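The following exercises are intended to be worked with the sequence and the model open side by side. Each task is followed by a solution in steps.

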Amino acid sequence: MPWQAFVYGGLAAMTAEAITFPIDMSKTRLQIQGQVADARLSALKYRGMVHTLLTVGRQEGVMSLFTGAKFALLRQGTYGTIRLGIYYSIKDRWERRNTGVKMPLPHLVLLGGTAGVIGSYVTTPTDVMRVRMQACHHSKSPPLLRSFLSIFKTEGMRGVYRGAVPNAQRAAVVNGVQIPTYDVTKRNLLAAGFEDNKRTHFWFEFICWFPRILLLPTY
C-alpha cells in the first residue's frame, strides 16, 4: 500500500483548506442567514462573498475569518488522507494484479465514491465543529477535545454525527466524478504525448474541477 498516497493527499487537502478557509467561512455565514426557525439568524446581514468577508473582518476582527480553522484543517487532513489513500492504494493493487490493464471507468467511479463516503463519515464530527465555529460571532474557538465533549454531552452521538448522511451523499457524488475524471484525463493526455510534469498535472486538476462545479449546486 503506497504511503505517499495517504501523506500527500492529507497535506494537499490541508494546504488548500488553509488558503481558502475565509471563503468557506463566508459561504457558511451566507447559508445560515435568513432563517425562519431561528430569530437570531433571520436578518439578511450579508450580500455576497466579498461583502461577507469585509463585514466580518471589520466588525469582528480579521482573525474571525479563521474561526474554526483548526477543526477544518483536522477534517481536511484526515479526509484527504482517507479518500485519496484508499482510492490510489486499491487502484494500484488492482492494476498490479491485472498486468497491462487499466481499471475501467465504472470501477474508478465506484471506487472514488466509496472512498469519499468513508472519508466523509469518519470526519463528520470535525465538520460539525467547524460549521458551528464559523457561525459564531467571535474570533476564538475552544480546544478540539472540549468542543467534541460539549456536543457529545448535550446532544449525544446524534449531535456529533449530525448531517453525516447528506455529507456522505455529497462526497460520493463529488469524489465519484472528480478523482476518476483526473485519472482518465491524465491517462489520455499522457498517451497523446503530453509531458509528465507539474504544468501538465496542473491542467489535469483544472479540467477535473469542471464536472465537480456542475454538480455542486445540487449538493
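**Exercise 1. Overall composition**

Task: Determine what percentage of the residues in the protein is buried, and describe its secondary structure.

Solution. The model is a predicted one. Of the 219 residues in the protein, 37% are buried. The secondary structure comprises eight helices and zero strands. Read from the N terminus, the order of elements is therefore α-α-α-α-α-α-α-α.

**Exercise 2. A helix crossing**

Task: Classify the crossing of helix α4 and helix α7 by its angle, and state its handedness.

Solution. Begin with the two segments: helix α4 covers residues 105–122 and helix α7 covers residues 164–191. Their axes come within 7 Å and cross at roughly 140 degrees. An angle over 145 degrees would count as roughly antiparallel, and one of 65 to 115 degrees as roughly perpendicular. Consequently, α4 is oblique to α7. As to handedness, α4 passes α7 in a right-handed crossing.

**Exercise 3. Salt bridges within one helix**

Task: For the pairs E95–K91 and R130–D127, establish the contact distance and the spacing within the helix.

Solution. The structure holds eight salt bridges; two of them are treated here.

- Step 1. The side chains of E95 and K91 form a salt bridge with an N to O distance of 3.7 Å. The cut-off is 4 Å, so this pair qualifies.
- Step 2. Both E95 and K91 belong to helix α3 (residues 69–97), where they stand four residues apart, about one turn of the helix.
- Step 3. Buried means under 20% relative accessible area. E95, at 15%, is therefore buried, and K91, at 10%, is likewise buried.
- Step 4. R130 and D127 form a salt bridge at 2.6 Å, N to O. Because they are three residues apart in helix α5 (residues 124–135), about one helical turn separates them. R130 and D127 are both buried.

**Exercise 4. A salt bridge between helices**

Task: Explain which parts of the chain are tied together by the pair R132 and E155.

Solution. The side chains of R132 and E155 meet in a salt bridge of 2.7 Å, N to O. R132 lies in helix α5 and E155 in helix α6 (residues 144–160), so the pair ties together parts 23 residues apart in sequence. R132 has 29% relative accessibility and therefore counts as partly exposed; E155, at 30%, also counts as partly exposed. Elsewhere, salt bridges with shared partners join D24, K27, D127 and R130 into one network.

**Exercise 5. A nonpolar surface patch**

Task: Identify which residues make the nonpolar surface patch, and which helix contributes the largest share.

Solution. I23, M49, V50 and L54 make a nonpolar surface patch of about 360 Å². Helix α2 (residues 48–60) supplies the largest share of this patch, three residues. L54 is located in helix α2. With 53% relative accessibility, L54 counts as exposed, because the cut-off is over 50%.

**Exercise 6. A loop residue**

Task: Locate Q33 and decide whether it is buried or exposed.

Solution. Q33 lies in the loop between α1 (3–32) and α2. Its relative accessibility is 14%, so Q33 counts as buried. Q33 and Y46 are 13 residues apart along the chain, and their C-alpha atoms are separated by 8.0 Å.

Key
Residues numbered from 1 in each chain as written. Predicted model: local features only at pLDDT ≥ 70, side-chain atom pairs only at ≥ 80, totals over all residues. Heavy atoms only, no water. Patch = residues over 30% accessible without salt bridge, like charges linked within 9 Å, V, L, I, M, F, W, Y side chains within 5 Å. Areas by Shrake-Rupley, 256 points an atom, 1.4 Å probe, with all protein chains shown as cover. Buried < 20%, exposed > 50% of the residue type's maximum accessible area, 1.4 Å probe, protein only. Axes fitted to C-alpha atoms, helices over the stretch in contact; angles between N-to-C directions. Parallel < 35°, antiparallel > 145°, perpendicular 65-115°, else oblique. Left-handed = near helix turned anticlockwise from the far one by under 90°.
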